[in-house]
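Reader: I am new to this structure and should like to understand the terms used to describe it. Please explain how each one is justified.

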Amino acid sequence: MKKLPFLLILFMGLINAQKLTSTELSIINQGDNNSALPIYQTTDDNQHTTLLNLSSEIDPLDKNTAILVKRMRESLTSTDGGVGIAAPQVGINRKVIWVQRFDKQGEPLEYFINPVIVWRSELQNLGPEGDLSIPDFRDQFYRSKVIQLEYVDLKGQKYSEIVEGFTAVIFQHEIDHLFGILISDKKEKEKNDSYKKVDAFKKSDSVTR
C-alpha cells in the first residue's frame with residue numbers, strides 16, 4: 001500500500017514535466033490562434049539559440065498542443081515550397097513536427113507528436129536539402145533510405161510505421177531540429193571530418209548523428 005502514493009507522485013511528476021511554460025504558452029497563443037507563427041531564423045542571435053536547443057516531449061492532450069500543431073501547419077503552408085517544419089522553428093523547443101507525405105496518395109501534410117526514429121537503414125542516399133530557418137543555404141547530405149518511426153497523435157494514440165525515400169529524408173531533417181541539429185552545422189562538421197563519410201552502397205558500422 002505504501003508504494004501507491006510514491007507511484008502516484010512519480011506519475012504526476014512526469015505529467016508536470018511535460019507542461020508548457022508560461023513563455024511557451026505566450027508564444028503559442030500570441031495573436032490570432034488560427035494564424036501562422038513566425039518562423040525563426042539563424043540570422044537572429046536569440047532565435048538561432050532557440051534553434052540549437054534540445055526539445056522535450058509535449059503532452060498531446062493539452063489543448064495548447066492542438067493550437068501549436070494547427071499554427072505550425074499555417075506556418076508551413078505560408079512558405080514557398082516548404083515540405084516540413086519542427087516546433088523549434090516557431091520558437092517552441094518541444095517535439096512536434098509536420099511532414100509532407102510524398103509516399104502517400106495526394107501527398108498530404110501530416111503532424112507527428114513526440115516522434116522517435118527507432119531504426120535507420122545502413123543504406124543511405126545523398127541528396128539536396130534546404131531549411132526554412134537558414135536563408136540562402138542548400139547542400140547535399142547523406143540520409144538513411146529507410147527509417148522506422150514511432151509517434152503519438154493529439155488523442156495520445158501511439159503509432160509505428162516504416163518510411164522510405166524522400167519522405168524519410170524529411171522526417172530525419174525535422175527530427176534533427178528536435179535535437180538542435182541544423183544542416184549548416186552538420187555540413188561544417190562533415191568538412192572537419194567529424195562525420196564519417198558513408199558511401200550509399202557500403203555498410204557502415206555506425207551512423208553518427
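**Terms and their grounds**

Author: The chain exposes about 11600 Å², and 54% of this is supplied by carbon and sulfur atoms. The model is a predicted one.

Reader: How many helices and strands are there, and in what order do the elements run?

Author: The chain has 6 helices and 7 strands. From the N terminus on, the order is α-α-α-α-β-β-β-β-β-β-β-α-α.

Reader: What share of the chain is made up of buried residues?

Author: Of the 209 residues in the chain, 43% are buried. A residue is given that name because its relative accessible area is under 20%.

Reader: What makes strand 2 mostly covered?

Author: Strand 2 comprises residues 96-100, and 5 of its 5 residues are buried. Each of the 5 therefore falls under the 20% limit of relative accessible area.

Reader: Which residues of strand 2 point one way, and which the other way?

Author: Val96, Trp98 and Gln100 point one way, while Ile97 and Val99 point the other way. Side chains in a regular strand alternate between the two faces of the sheet. In strand 2, the residues that point either way are all buried.

Reader: Why are strand 1 and strand 2 said to pair?

Author: Pairing requires at least two bridges between two strands. Strand 1 (residues 84-86) is joined to strand 2 by 3 bridges, so the two strands pair. They run antiparallel, and Gly84 stands opposite Val99 in strand 2.

Reader: How do you know that strand 2 also pairs with strand 3?

Author: Strand 2 and strand 3 (residues 109-120) share 5 bridges, so the requirement of at least two is met. The sense is antiparallel, and Trp98 stands opposite Tyr111 in strand 3.

Reader: What share of the contacts with a separation of 6 or more comes from residues 24 or more positions apart?

Author: Such residues account for 65% of those contacts. A pair counts as a contact because its heavy atoms lie within 4.5 Å.

Reader: How much space lies in the largest pocket, and which residues are closest to its centre?

Author: The largest pocket holds about 290 Å³ of space. It is lined by 18 residues, of which Val83, Glu129, Gly130, Asp131 and His173 are the closest to its centre. Strand 4 (124-130) and helix 5 (165-178) are the elements that give two or more residues to this lining. Helix 5 supplies the largest share, 6 residues.

Reader: What classes of residue make up the lining of the largest pocket?

Author: The lining has 6 nonpolar, 7 polar and 5 charged residues. Gly130 is counted as polar, because Gly belongs to that class.

Technical notes
Residues are numbered from 1 along each chain as its sequence is written. This is a predicted model: local features need pLDDT of at least 70, side-chain atom pairs count only at pLDDT 80 or more; totals for chains, interfaces and linings use all residues. Side-chain values use heavy atoms; hydrogens and water are left out. On a 1 Å grid over the protein atoms alone, a cavity is a set of points where a 1.4 Å probe fits but cannot get out, and a pocket is an open set with protein on both sides within 12 Å along at least five of seven lines; lining residues have an atom within 4 Å of a point. Grid points are joined across faces, edges and corners, and a volume is the space filled by probe spheres set on the points. Helices (H or I, at least four residues) and strands (E, at least two) are DSSP runs, numbered from the N terminus. Buried means under 20% relative accessible area, exposed over 50%, partly exposed in between (1.4 Å probe, protein chains only). Accessible areas come from the Shrake-Rupley method with a 1.4 Å probe; for residues, only the protein chains shown count as cover.
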